[in-house]
Amino acid sequence: MGKFLTRERFGRPQVLAGFLLFGFLAQCGWLLVRGTQPLEMDSSEIFRVVEGLQQWGGESVAGTPSVERINAGTPTPPEVDHNGGYDPNHSPLWYLVASLPMLRWTGTAQTGSFHYWGWLARAPYLIFGVLLGASLWYVARRLYGNAGGYIALTLYCFSPLILRSSTLYSAQPEMGAAWGAFGAIFTAIAVAHTLYAPREVVVWNWRRILLLGLSLALAIGSQFSLVFLLPIALGFMLYLAPARRLAALAIWAAGCGVAFALLFASYFFRPGVFWQGMGHASFFGITWQAFRNPEVYLQILAQIGQSGPALLVGLPVVLAAYFVWRRPKYFGNTAPLMIAAVFLVFGLGTPRYPGFGFQLIADPFLFVFVAGIAADLLETRRREIVTACVWGLLAANALWNLAELARVGRP
């Protein structure tokens, strides 16, 4: 225990980050209590939970055609009805996670008591929100130091979009996909940086292989279209370890194997249902005509605004600094900007579902990028001015967010 509780592992930075995450939880709790009611559980949420409960009970596989779905009498989403009864966007893992907190519920979908479990059904996404915040702080701190970690986490904890997504307040349950995508990219980067150690790298990295596989399974299982994370992760690993590409490829393949096993397990190891589900899955839903629609670009801009005024104001500034200034053009800044741009492009091409998921997933990478450029600016001769601007903007953003939360639930 003494070896675990060292100053490096648990010191002042971790305590301050913990306070920020506690504030994030408090805001989520306020939004749940003031902004939602148990009876507001809509038909899509009921469908998601009932499908998962039926699979936990061994009756059927969630997101696939079943007699139990008909007997339950819950309304089926149009995208499932029009796809032969298969969910084109999600694996059963998405349903199993959604229904996990309600395993002890013994009622039926028709009983009014079902609605009063609505808050409990939001618990997994609240947990994902906290875990994503902790992961964001860890990555930003490792890349840019304590200042970068605090900036990224403050942007995250006071982001209206993140708060809404973590509590399902007028938002789809995409936090699992967001945490999985963030974990997959930065785990792949971390693995590549360890490949020059004089050890048996494949065996030595077994923990990171499991983490990479878990992240990929959570991301792709929550949103099939995130399968493009596989070549991106491999590309980063090959780029960062050009002299150990065979080892990188072996670790990537092992991580993909773990992800495949977990996804197959979410179908309760039923190969026929698994392959039918894969055959009806939508892995690439981009509509090229969407790029010619000006309203789509305005929608993306509005989405960035919903991520917080600080990001809307600060992003143009840090982008200008990145392209004009030579110093911040290193991999630690370029990688999150590239990934955020990829997700925003996919969001542009899918203006409807699952486009919202792409826009949400881009946010943590944007927070990391902004934190990196801000940390670089804090090390210049204008440190005092930059410090005042950065922390003033973050404080204003937090106060604005708290003021908006205070208005939630008012007539």
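How many Å should the 16 residues of helix α16 (residues 309–324) span at 1.5 Å a residue, and how far apart are its end C-alpha atoms? In this predicted model, the expected span is 22 Å and the end C-alpha atoms lie 23 Å apart, so the two values agree. That agreement comes with a bend: α16 turns by about 30° at Leu 315, and a proline, Pro 316, follows within four residues. The bending residue, Leu 315, is itself buried, as are Ala 310, Leu 311, Gly 314, Val 318, Ala 321 and Tyr 322 of this helix.

It helps to step back to the whole chain before following α16 to its surroundings. The protein has 19 helices and 0 strands. Of its 411 residues, 52% count as buried. Among contacts between residues at least 6 apart in sequence, 77% join residues at least 24 apart. The accessible surface comes to about 19200 Å², and carbon and sulfur atoms account for 66% of that area.

Helix α15 (residues 294–306) makes a good companion to α16. Its 13 residues reach 19 Å from the first C-alpha to the last, close to the 18 Å expected at 1.5 Å a residue. The buried residues of α15 are Val 296, Ile 300, Gln 303 and Ile 304. Seen down the helix axis, these buried residues fall within an arc of 100°, so they line one face of α15. Pro 294, Glu 295 and Leu 298 are exposed on the other side. Just after α15 comes Gly 308, with a positive phi of about 135°.

Gly 308 is also a meeting point with a more distant part of the chain. Asn 397, found in helix α19 (residues 383–407), is in contact with Gly 308, Pro 309 and Ala 310, and with Phe 158 as well, once its neighbours within four places in sequence are left aside. Of these partners, Ala 310 is one of the buried residues of α16. Asn 397 has a relative accessibility of 3%, and therefore counts as buried.

What, then, fills the interior? The largest nonpolar core has 104 residues, and those with the most contacts inside it are Tyr 156, Leu 226, Phe 343 and Phe 365. Helix α7 (residues 123–157) gives the largest share of this core, 16 residues. Phe 343 offers a view of the packing: not counting residues up to four places away in sequence, it touches Ala 181, Leu 226, Phe 228, Leu 229, Phe 358, Ile 361, Ala 362 and Phe 365. Two of the residues it touches, Leu 226 and Phe 365, are thus also listed with Phe 343 among those with the most contacts in the core. A second, separate core of 8 residues includes Ile 220, Phe 224, Leu 263 and Tyr 267. In soluble globular proteins, nonpolar side chains tend to be buried together.

Two residues named in the second core reappear around Phe 274, which lies in helix α14 (residues 271–279). Leaving aside its neighbours within four places in sequence, Phe 274 is in contact with Leu 263 and Tyr 267, along with Phe 260 and Phe 264. Phe 274 and Leu 263 are 11 residues apart in sequence, and their C-alpha atoms are 8.8 Å apart in space. At 3% relative accessibility, Phe 274 counts as buried.

Burial extends to other short elements and to loops. In helix α5 (residues 92–99), 7 of the 8 residues are buried, which leaves the helix mostly covered. These are Pro 92, Trp 94, Tyr 95, Leu 96, Val 97, Ala 98 and Ser 99. Thr 64 sits in the loop between α2 (43–56) and α3 (67–72), yet it is buried, with a relative accessible area of 5%. Apart from neighbours within four places in sequence, Thr 64 is in contact with Glu 51, Arg 69, Gly 85, Tyr 86 and Val 273.

The loop between α8 (160–167) and α9 (175–193) holds a final pair worth a look. Leu 168 is found there, and so is Ser 170. Leu 168 has a positive phi near 55° without being a glycine, and Ser 170, likewise not a glycine, has a positive phi of about 55°. Their surroundings set them apart: Leu 168 is buried, with a relative accessible area of 8%, whereas Ser 170 is exposed, at 62%.

Terms used. Residues are numbered from 1 along each chain as its sequence is written. This is a predicted model: local features need pLDDT of at least 70, side-chain atom pairs count only at pLDDT 80 or more; totals for chains, interfaces and linings use all residues. Side-chain values use heavy atoms; hydrogens and water are left out. Buried means under 20% relative accessible area, exposed over 50%, partly exposed in between (1.4 Å probe, protein chains only). Contact means heavy atoms within 4.5 Å. Accessible areas come from the Shrake-Rupley method with a 1.4 Å probe; for residues, only the protein chains shown count as cover. The expected span of a helix is 1.5 Å times one less than its number of residues. The arc is that of the directions from the helix axis to the C-beta atoms. A nonpolar core is a set of buried Ala, Val, Leu, Ile, Met, Phe, Trp, Tyr and Cys residues joined through side-chain atoms within 4.5 Å. The bend at a residue is the angle between axes fitted to the seven residues ending there and the seven starting there.
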